[in-house]
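Here is a short briefing on one protein model. Look at the structure first, then read the points below.

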Amino acid sequence: MNNLYASSINEIVDLIAHVGSKRTILIEGDMGIGKSAILKLLAKRYPDHVPCYFDCTTKDLGDLYIPDLDRERGCVTFLPNEDFGIHTGKPVIIMYDEWGKANPSVKNGTLKGMTEFAIGNTPLPEGSIQIATTNLGSEGVGDLLPPHARNRIITVRMRKPSAEEWLTDYAINNNAHPSVMGFVREFPQVFQSFTEVANPEDNPYIFHPKRQANAFITPRSLMTASDTLHQREYLSDDMVTNALIGTIGERGALDLMAFVKLADKLPTLESIKTDPSNALVPTSASAVCMVVYRALATMERDFVKPWLTYMQRLSAEAQGMFAMGIKPPAYSKASMVMQTREYTDWAIANNYMFASDEE
């Protein structure tokens, strides 16, 4: 599929919102980029629908529905698996995850439902949405879909997020470790798709089917690395490095650990909260970025005012980075910050930073 027209996760959610109740949409893309997260985004948009996750890799044909004797009519009918949520009587959002890796019998069994919006002989409630996900066939991880199956559905390519998109739309809202965020800002190529890299040695961080690697960087594995780093106080640096190598690969782990060492020299959150006018201001640009990202990720109501005092001691670029990071609706704590008098005063004094948004 043409990379030129690959879409972001938010664009695909919009497509599903307008078309997904009429046609089943298959999302294909690189591994670990958040395709499965689309179900949560749709559930948030449609709170009256029942989100239903169907893992195709663990299912066989008998897991779709089972025979049931209809004595009144004297025939056999079929009862759908509760995973499809039909028994709730509410509209459902069904995600057939990893559809390309499903057993052929499961593909055939679900294809009828994808086309007719029914499970066996039981129609889905009005307004139900169906989607499916699969990895790229060129990744070589077993995703195969016959032409006749693709011809019955809408297939769209989901691109990897850019480093900036991942940082502002996801990382700061999901407790990513500051070192990981600083690393991503410094090495945005970790979000390249292998389809953009002819020679695998040009980007040693990512998965490439032409290179054997047990671990590599994806948005998913970066969050796994964050979980390890959040527990670093209980572990030796050698143990942390060992775990990171097994999570994101050796090159990524060693470069990330350089940012971990840098994070040790940052001002503590407590020092900023209790004495924002005198807390340490880092001298390197990378360290300042990590301070800003840490503030965004850990913002609480009692931290807003001291942070805004401290922030004004940082460079204009760093202040602008914070302002861009709290823009709603992506940032979950935007109102907490923007409704304070201190932020309003700062925004008025620095109105030039928002001039491009107003044009």
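Which residues in α6 meet which residues in α7? S179, V180, F183 and V184 in α6 meet L222, S226 and L229 in α7 (contact means heavy atoms within 4.5 Å). This is a predicted model: local features need pLDDT of at least 70, side-chain atom pairs count only at pLDDT 80 or more, and totals for chains, interfaces and linings use all residues. Residues are numbered from 1 along each chain as its sequence is written, and side-chain values use heavy atoms, leaving out hydrogens and water.

**Helix pair**
- Helix α6 spans residues 178–186 and helix α7 residues 219–229 (helices are DSSP runs of H or I, at least four residues, numbered from the N terminus).
- Their axes lie 8 Å apart, at an angle of about 140°.
- α6 and α7 are therefore oblique to each other (not under 35 degrees, over 145 or 65 to 115).

**Nonpolar core**
- The largest nonpolar core has 63 residues. Such a core is a set of buried Ala, Val, Leu, Ile, Met, Phe, Trp, Tyr and Cys residues joined through side-chain atoms within 4.5 Å.
- W166, F183, V184, M299, W307 and F322 touch the most other members.
- Helix α11 (residues 285–298) gives the largest share, 10 residues.

**Strand β1**
- All 5 of the 5 residues in strand β1 (residues 25–29) are buried, meaning under 20% relative accessible area with a 1.4 Å probe, protein chains only. Strands are DSSP runs of E, at least two residues.
- I25, I27 and G29 point one way, and L26 and E28 the other.
- β1 pairs with strand β8 (residues 129–135) in the parallel sense over 5 bridges (pairing needs at least two DSSP bridges).

How values were computed. Axes fitted to C-alpha atoms, helices over the stretch in contact; angles between N-to-C directions. Buried < 20%, exposed > 50% of the residue type's maximum accessible area, 1.4 Å probe, protein only.
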